[in-house]
Amino acid sequence: MRNLWRILALPALALHGQEAAEGFATRIQPVLVKECQGCHGGSMALSKLDLRTRESMLLGGSRGPAVIPGNAADSLLLRVLEARDGLQMPPGDASKRLPAETIASIRTWINAGAPWTGTTNSNWGHYKPEDLWAIRPLPPQDKSKTVDSFLQSGSMADRRTLIRRVSIDLTGLPPTLSEIEAFVNDRSPQAWAKVVERLLASPRYGERWARHWLDVVRYADTAGYSNDFERPNAWRYRDYVVRAFNQDKPYDQFIREQIAGDELYPGNAEALIATGFLRMGPWEHTAMSVEAVTRQMFLDDVTHSTAATFLGLTLGCARCHDHKFDPLPTKDYYRMQAIFAVTEFVRPPAPFLPSENTSGLAAGKTHMRDVAAQAKRRMDELGAGNKQRENPDLFEEFKLYQKHTALYKESLDRFEPKAFAVSSGPIDGATDGGPNLRYPKAANYKPAQVHVLPGGNIQSPAETVKPGVLSLLERYGSYPSPAVPETTSGRRSALANWIADARNPLTARVMVNRMWQYHFGKGIAEDANNFGKMGKKPSNPELLDWLAGGFMENSWSIKSVHRSILLSNAYQSASLPPRRVEAEVLRDSILAVTGELSLDTGGPGTYPQINDDVARQAQHRMGSLAPAYRASPAKRDRNRRTIYTFQQRSLIDPMVEVFNGPSLDLSCERRDSSTVPTQAFTLFNGQFVHDMALALAAKLGAQSPKAQIRSVFERVLGRVPDAPEEATALASLRRLTRLHSGTPPTRPVQTPVVHTITSELTGAQHQFVHQEDPATFEHNLHPSETTPAVRALADVILALLNSNEFAYVY
Amino acid sequence: MRIATPSRRDLLFGGGMGLGSIALSAMMSAQGPHHKARAKNCIFLLMEGGPSHIDTFDPKPRLGSLHMTKFQKERNKFEANMNTGERYYVKSPFQFRRAGKMGIEINTLFESFREVVDDVCFYRGLRAESVNHPTALYHLNTGNQFGGDPALGAWISYGLGTVNKNLPSFVVLPDTAYPQGGAANWSNGFLPAIHQGTPLRSTGSPVLDMRPPAGVTADEQRVTLDLLHSLNARHQQRHPDHAELAARIESYELAFRMQAEMPRVLDLRSEKPETLAMYGIGGTNQDADAIGRRCLLARRLVEAGVRFVQVIVMGWDSHDFIENAHGARIRAIDKPISALLGDLKRTGLLDETIVVWGGEFGRSPDNGIRGGGEAWGRDHNAAAMTCWLAGGGVKTGSIVGATDETGLKGVEAVHPIRDFHVTLLHLLGLDDAKLRYFHAGREKQLSQTGGELIRELLV
């Protein structure tokens, strides 16, 4: 009989193995746990039937096997579920039967061979050594070697290529002409090392590398979903990351602060701000969501993201069933989750640090208070719900200002010395997470019991688990697991210390691999967030280990890893593939070469000039609309580096989005750089690029045409044009000057932003006119304020800003 | 040395197929079809907010006698705050009448739609999993409640590739405001960016920055573009081995072909006046006019080779005054959706196009006491809803599935969203189990972990 099953079941398994197994984990096992195992499992095995494992299910009880794989029709389990032969399970009248779709899923599963993906360490011990490469202990670093001991590299790139490559890699900005010339003409043997050190010491370095980290952790200034409420103090986390890179904060400390800064460094505002990491995922709780579900959503998110960020493990798979490829049993998942079970959302006081930019806070607060007060006043004037029937227009307007008032109330906190943080157990008065969330009082707080949830289903909890770290490193990596306390405080400290330990080989391997990827476009192991079996194997494991070993021996200095990589011949090779620069590098470079970049750092996010249609687009917020997008009135705020712009989950700058910006919801381990036609629209037609080109043209306008062309090439491409380029550009400039000789249209009068909403009460449409830009708005230069020659030169600049040479780094 | 400058004709009208087009074509190559398709396009009419099945296509006369009697529901910790407190049954304020040969009872406000019900398969068994708008919308649109995954249209674009390479293969026609959850509802997720939904805006430029800023003339643009191409050609000479540079040059050409083609597709002036009137365009109902334009545009886009068009109609979240609110919505969509079906049928496109109508969840038969008991409305209900399908391969003129006597729960042919997705892909010749993409350590698919075909919906 067993052989017959095999024959019947195998083809189905081959086709639908993964699906059926996952279907079991997510849909069937929760039902077995909830509906069956109470009577048919463990000590209570009625009819001697135990439905807890596949083996015992096939063995069956006093009535014979419960399941015949591949043959649902004859399986006892299905017969009793359908009450076919007078025996019904669960027992009782017809109303007790399982829903038809559940029975249908069980039928499909049995017909597919009843594959079992359990939560009971079923795969334990079946791993090939080569799939466990990342969790093997690291060998000590051989100090006699360098990166070049592991790689063959060909000829060196020329110096112009090199300085552009390293400047963009380390600072996200192209080198200036004088920087290029200085390097090209520096005959000292230390010339390259000097450039590397200069760039590593630049404040621009931290801005560039913080962006990589923010990609991985999904940094945003808002919470996402229906209301997309502001996370008003999140900007302090962003600035913390910039500082950490600039100060070369030891990576082990960087980890400890982000996972357990509040516990390990009590009273330290910097470390408290760092714990914002744990709350970076999108999250919302409303009257329409279920508290237990939103809490679980956070717990799953933080468990998964902590493992992916620091350990390169895809722990999310183990939420529903034992990881099919890696030694990550479901029990480990929930043990790690139990570490976070006492983690509560707080926004406690945290004094501003001398290193934080607080210069704009007072003015910003005054302005936002005014805006918020206006909305509140309007809301109060309009009064409450009794207008619903007689005047739906007024009621919609009331709802609009009510919504704006709620949104501003959150936003106003961005100017306050508070941290977007967590605590172990609640802190009365500092709790955070919205009006609909109920908090326990600190005095009678009891840590929640954590259960294994087969299929990730909170409605069918199985065994309880105690907090603990992942067991794979003890088992396969010779790194003993520490005890994790069950007390409210100390769980995350234990986790942080376990990750940030020289004996944890994943931690250093994952980070140096990320760094290699950002320098070369491709990691040594290509899937930066997945060091398990399904991730690509490292192309050069010895090199990865050598880098990881050196990282730890140099006190986890990130800059030391940069030096190892950048000073190698491999990095200076002529044969690196070209990479299209990321969205932020493109925008920042356009601002930089046109002389418009503001180097202000830190503080609450600013609002850049974005596509006007998108800026004017109405955005739904639960029950009403968001206030209109407003670009920052001052150029120095609008033209900041992209990392300092307000990151709103529901409104990503379309220019960043079209050039493959990160989604802000999923961890972005590596940017896509696909080429799509809409990128051409953005860069060739977009107002922002036209404005910046005009700004540069106006700065260069007084020179001769030939000198203008030369300056433009120097500024934008960092070189002089060759003769054919110069001739073509000059010819274009002449033609364009003629074409521009007419009178350009005057600056259009800004029309007010009008938003329309469909009333949920009447189905009718209501329009709102938003306030216009303040008189203080500092406009960009407009063509009507310039000469034909300047306008023509702006077009030449536009062509250069669109060129492949500007968009690629070699 | 002479710089090779592509001619203007080449640039604007896409002369030679360079390396670039090869690179781009490779990116767009289709994964499917996996089996014989019943249709090759899909128009998804998304009713955002959760239309009430009870007040549209699934009347519940029993609620008439239960009206304002107390509603008993088990309270457990998996209940949202919204559903707490004293609750009462609420009858539908609408009249219902049989329509078509099939004889389905529908709201009498559907004056035009009642004429086309025999081309429609009504499905009363679909079940959502979330009663929260953004998560339920993400679920319906992407298969995952938590956002960030590729949308249905992105998967279809990935699976079937593009027909007209001058147009995007996945187009979204949003309402006046973006829906809750925003652009993540039409995200390409982890699929290549070319599969992202392109929202066409009803005001301003339909595609962002498709036109240069005001005052830039075509002549000026042409000179600038020629200069750009000569610079790129010169650069290419220095880096002859890199195909992606050529792909980027090609993308500018593609952009300008799109710039030429898109306005032709979007220009409704070539339509006959009676066609416009049929869609409710130019009539007295302004909402119907706006929705009619989006529906007509959907037909034109599908005609031009767009694979998946999503038309979004907002405003179905009628917690209060459902008579006004749903009444106005129904009057606004009645002509446009009926005209769309009729028009597709007339042109023969209906055989190869699936039209779907539905929202992120249904509504409850009960309500809390709001507005002194006069403001009847309905709350969210994930356990029961109605959607409908029309077009190729669909069992038209039938009702599939059923809800219980109050409309609280689906009881027949009940299927989760993932099965609905599997079924839509199936009609388009795609097998969810094969349409996969490796991301973050596993093969991912629209249904997440597999689903079943809803055979009852198919011919």
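Buried residues account for 55% of the 810 residues of chain A, in what is a predicted model. Chain A has 30 helices and ten strands, and its C-alpha atoms occupy a box of roughly 100 × 85 × 55 Å along the principal axes. A compact globule of 810 residues would have a radius of gyration near 28 Å, and the 30 Å of chain A agrees with that value.

Chain B has eleven helices and 21 strands, and 60% of its 459 residues count as buried. The table sets out these values for each chain, together with the share of contacts, among those with a sequence separation of 6 or more, that join residues 24 or more positions apart.

| Chain | Helices and strands | Buried residues | Contacts 24 or more positions apart |
|---|---|---|---|
| Chain A | 30 helices, ten strands | 55% of 810 residues | 73% of contacts with a separation of 6 or more |
| Chain B | eleven helices, 21 strands | 60% of 459 residues | 77% of contacts between residues at least 6 apart |

**A helix pair between the chains**

Two packed helices are described by the angle between their axes and the distance between the axes. Helix α29 of chain A, residues 788-802, and helix α6 of chain B, residues 218-238, have axes that come within 9 Å and cross at roughly 40°. An angle from 35 to 65 degrees falls between the roughly parallel and the roughly perpendicular ranges, and α29(A) is therefore oblique to α6(B). The crossing of α29(A) past α6(B) is right-handed. On the side of α29(A), the contact is made by Asp795(A), Val796(A), Leu798(A), Ala799(A), Leu800(A) and Asn802(A), while α6(B) contributes Glu220(B), Thr224(B), Leu227(B), Leu228(B) and Leu231(B). By character, the residues of this contact divide into seven nonpolar, two polar and two charged.

**A covered helix in chain B**

Helix α4 of chain B, residues 133-142, is mostly covered, with ten of its ten residues buried. The buried residues of α4(B) include the two histidines His133(B) and His139(B), as well as Pro134(B), Thr135(B), Ala136(B), Leu137(B), Tyr138(B), Leu140(B), Asn141(B) and Thr142(B). These buried residues of α4(B) pack against two helices of chain B, namely α5 (152-160) and α11 (417-427). After α4(B) comes Gly143(B), whose phi is positive, near 85°.

Key: Residues numbered from 1 in each chain as written. Chains lettered and ligands numbered in written order. Predicted model: local features only at pLDDT ≥ 70, side-chain atom pairs only at ≥ 80, totals over all residues. Axes fitted to C-alpha atoms, helices over the stretch in contact; angles between N-to-C directions. Helix = DSSP H or I, 4+ residues; strand = E, 2+ residues; numbered from the N terminus. Parallel < 35°, antiparallel > 145°, perpendicular 65-115°, else oblique. Left-handed = near helix turned anticlockwise from the far one by under 90°. Contact = placed C-beta atoms within 7 Å. Nonpolar A, V, L, I, M, F, W, Y, C, P; charged D, E, K, R; others polar. Buried ≥ 20, exposed ≤ 12 C-beta atoms within 10 Å, placed from the backbone. Rg over C-alpha atoms; globule rule 2.2 N^0.38 Å.
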